[in-house]
Amino acid sequence: MLFAEMILVALQSVRANLFRAFLTMLGIIIGVASVITMIAIGSGAKAAVDQQIDQLGASVLSIRSGSFMRMGVAQGGATLTIKDAEAIARDAPSVIGVVPEIAGQLQIKHGNRNENLRVAGVTANFPEIQGYTIASGKSFTKADDASRRPVAVLGSAVGGKLGTNAAAIVGQTIYIKGIAFEVLGVFEEKGSTGFRNVDEQVWIPFFTARYRVFGTEQLDSISAQMAPGSTVERSIVEIERVMRKQHQIQPGKDNDFSIADPRQFFNVREAAANIFAILLAGIASISLVVGGIGIMNIMLVTVTERTKEIGIRKALGASRRNILLQFVVEAMVLCMLGGAAGIALGAGVTTLIARIAGWNMAISPTAVLLAFCFSAAVGLFFGIWPARKAARLDPIEALRYE
Amino acid sequence: MQAPVTQTAPARETAPGPAGRPGAGQVIVTRAVTRSFPMGDTVIRALQGVDVTICRGEYVAIMGPSGSGKSTLMNIIGCLDRPDSGEYWLNGTPVAELGDADLAALRNREIGFVFQTFNLLARADALHNVELPLIYAGVGRRERTERAQLALEQVGLRERMRHRPAELSGGQRQRVAVARALVTRPSLLLADEPTGNLDSATTADILALFDELHRKGNTIVLVTHDPAVAEYAHRAIRLRDGRIESDTPNPRKGHG
Ligand SMILES: Nc1ncnc2c1ncn2[C@@H]1O[C@H](COP(=O)(O)OP(=O)(O)OP(=O)(O)O)[C@@H](O)[C@H]1O
Ligand SMILES: [Mg+2]
């Protein structure tokens with residue numbers, strides 16, 4: 001009940017100096033809003049990345065020639081062949097499926113339209129392993145592959161590029177290097193993953209690509225699907241062992257191939273989100289400290305302004321503890337009001353960013369609680385010194401203060 | 001008119017010796033109390049060795065010219081100020097030895113103080129001002145409001161209880177201050193010029209309240225310039241230049 005009086009007095013004091021209180025709280029408001037936004041961005045970015053990783057399908061490693069990658073292009077002269085793919089499938093125990101891929105940029109003709117698109121020759125098991133879902137029509141079969149049939153499956157954006165749309169192009173004919181290909185189906189939109197837009201890609205059977213389109217043995221890449229439960233590290237060791245044997249690389253010599261976890265592309269985006277979050281954390285801590293100092297300053301002013309009141313309260317029976325608590329409560333109320341406003345502002349900013357970035361960001365109750373406790377802690381920390389000053393006032397001197 | 005510094009109060013005989021403690025029934029005992037205020041180069045000696053003993057149930061008027069140290073003495077008696085030297089016992093306890101929490105409890109429970117300058121909270125209305133000591137006494141909201149309203153009614157201000165001090169006249173403010181001092185039913189009422197701003201009718205009302213409190217056995221110390229007001233008391237102490245000039249019983253009130 002004495003506590004109720006303290007809160008009442010604190011609120012009265014805020015109301016009496018509304019604008020001053022607002023200016024004082026500004027630091028806290030910005031700090032708390034930053035904390036809220038920071039946590040929401042962190043979790044939102046993580047959720048977005050997790051979602052995209054899920055879309056990748058099963059855990060898949062990608063093997064390319066060359067010892068390192070630059071802008072997605074293998075450097076160095078070594079070549080991957082179908083034999084390597086077969087060896088990996090056979091000899092790496094944790095690999096349960098492989099997709100060899102021959103690829104290149106080719107002119108695609110449809111009616112009077114001409115587009116330069118990436119064409120990938122892959123085995124029939126690729127949709128499952130690389131995580132594609134048919135939107136309309138169907139994909140090609142093992143039999144189509146074995147008999148080198150001229151059939152194709154398209155990414156969702158190809159139809160549009162060729163002057164029609166994704167649904168209408170199914171069943172029609174497109175020309176690749178002058179060969180007529182029947183479009184069997186179209187995949188669902190996947191969005192850009194990493195550096196390549198797979199929605200603008202054309203898939204044809206591996207042997208069709210090998211013998212009728214590209215005329216080369218050299219693979220662009222091999223996708224190896226890992227058995228559930230096996231770790232990326234273990235699979236990489238196994239594949240490396242198989243590949244070094246295949247390519248007869250002497251011990252101590254560098255690999256002429258590279259093994260990549262496609263997930264690592266996402267790490268870049270996550271890192272970008274993290275940098276943004278760290279930036280916000282910086283803003284948050286600076287403004288909380290500055291805000292706290294502002295609170296301390298205004299509390300010192302308040303204590304001076306209300307010296308007479310302190311004297312009266314002491315004369316009527318308020319102990320030092322009562323006065324100390326009253327002013328600490330007041331600083332905390334100030335901070336918590338700022339905290340509440342900051343939470344509202346943070347929620348607004350988060351919604352805005354969520355809308356712009358297309359992320360599914362939620363403000364967690366934990367973040368709100370955290371921010372609230374934080375502002376209360378700032379109030380406690382920066383309010384205690386002015387409150388001590390108030391508590392130590394001599395009653396009769398305080399009463400005489402005008 | 002220069003009366004000798006008499007020690008007429010019977011309690012004087014049982015006053016504490018250098019090592020002794022005050023006798024039972026002695027509410028206020030000061031011994032050689034001094035208080036001075038440095039003002040620039042000079043020092044203002046507001047109290048220059050005051051010995052007062054006031055027993056339970058006494059009704060004492062303190063008189064004296066302006067600046068003679070009356071308020072300074074009251075502040076010390078009310079545990080708001082401490083003497084520079086000398087000793088002060090309240091209810092047999094040496095006040096100098098009390099800690100902050102004990103002093104706060106004393107001011108809150110035992111003492112009702114009416115300030116010469118009222119000292120009301122400007123931001124609170126009359127009711128809240130009167131409730132304040134009860135808040136620190138831990139009295140529940142409902143009882144608090146009831147008691148505060150009753151106290152305001154006793155000083156004739158019930159219909160003004162929602163007014164802030166700035167919205168009250170000087171006399172009304174003084175009555176709020178009196179109500180606030182009475183609301184805790186203090187065993188010791190210290191009133192510094194409690195009727196200075198009041199007309200004679202309201203003064204009589206307030207003094208009737210004091211009389212009633214006195215009849216119930218409470219001790220009252222009252223500062224006044226007005227001989228008519230001092231007539232209500234059973235004993236008059238006169239101060240001059242920080243010393244007791246005279247200490248006489250009121251012949252019309254037969255003390256004891
Ligand atoms: N805090 C202070 N600082 C400096 N001088 C003070 C202080 N308090 C009191 N005095 C001085 O001490 C002397 C006694 O003051 P006090 O207030 O006790 O007088 P008083 O008897 O109550 O007078 P009045 O009848 O006018 O109220 C005065 O000269 C006054 O100026
Ligand atoms: Mg005075």
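# Exercises on loops, a ligand shell and a metal site

A:Lys177 has a relative accessibility of 51% and is therefore exposed (buried is under 20% relative accessible area, exposed over 50%, partly exposed in between, with a 1.4 Å probe and protein chains only). This is a predicted model, in which local features need pLDDT of at least 70 and side-chain atom pairs pLDDT 80 or more, while totals for chains, interfaces and linings use all residues; pLDDT is the predictor's confidence in each residue, from 0 to 100. Residues are numbered from 1 along each chain as its sequence is written, chains are lettered from A and ligands numbered from 1 in the order in which they are written, and side-chain values use heavy atoms, without hydrogens and water.

## Exercise 1: Confidence

Identify the elements of chain A with the lowest and the highest mean pLDDT.

**Solution.**
1. Chain A as a whole averages a pLDDT of 86, and 92% of its residues score at least 70.
2. The lowest element mean, 46, belongs to strand β2 (residues 69-70) of chain A.
3. The highest, 95, belongs to helix α10 (residues 307-315) of chain A. Elements are DSSP runs numbered from the N terminus: helices are H or I with at least four residues, strands E with at least two.

## Exercise 2: Backbone angles

Locate A:Lys177 and B:Asp241, and state the phi of each.

**Solution.**
1. Most residues other than glycine have a negative phi.
2. A:Lys177, not a glycine, has a positive phi of about 50 degrees; its place is the loop between β8 (173-176) and β9 (179-187) of chain A.
3. B:Asp241 is likewise not a glycine and has a positive phi of about 50 degrees. This residue belongs to the loop between β9 (235-240) and β10 (243-249) of chain B, and its relative accessibility of 52% makes it exposed.

## Exercise 3: Ligand 1

Describe the position of ligand 1 and the residues that come nearest to it.

**Solution.**
1. Ligand 1 lies between chains A and B.
2. There are 15 residues around it, of which B:Ser66, B:Lys70, B:Ser71, B:Thr72 and B:Gln116 come nearest (a residue is near if one of its heavy atoms lies within 4 Å).
3. Polar side-chain atoms lie 2.5 Å from a ligand 1 oxygen for B:Ser66 and 2.7 Å for B:Lys70. For B:Ser71, a side-chain N or O atom is 2.7 Å from an oxygen of ligand 1 (the cut-off for such a pair of N or O atoms is 3.5 Å).
4. Taken alone, ligand 1 exposes 630 Å², and the protein buries 73% of that (Shrake-Rupley method, 1.4 Å probe).
5. Two or more residues of the shell come from each of β1 (26-39), β2 (42-55) and α1 (70-77) of chain B; α1(B) gives the most, with three residues.

## Exercise 4: The magnesium ion and helix α1(B)

Which protein atoms are donors of the magnesium ion (ligand 2), and how many residues of α1(B) are buried?

**Solution.**
1. The protein donors are B:Ser71 (OG) and B:Gln116 (OE1), 1.9 to 2.2 Å from the ion (donors are N, O and S atoms within 2.8 Å of the metal, or 3.2 Å for Na, K and Ca; water is not among the atoms, so sites may look incomplete).
2. B:Ser71 lies in α1 of chain B and B:Gln116 in the loop between β6 (111-114) and α3 (126-137) of chain B, so the pair ties together parts 45 residues apart in sequence.
3. B:Ser71 is partly exposed at 23% relative accessibility, and B:Gln116 is partly exposed at 39%.
4. Seven of the eight residues of α1(B) are buried, among them B:Lys70, B:Thr72 and B:Leu73.
5. Just after α1(B), B:Cys79 takes a positive phi of about 65 degrees.

Conventions: Polar contact = N/O pair within 3.5 Å; in protein donor to acceptor, adjacent residues only side chain to side chain.
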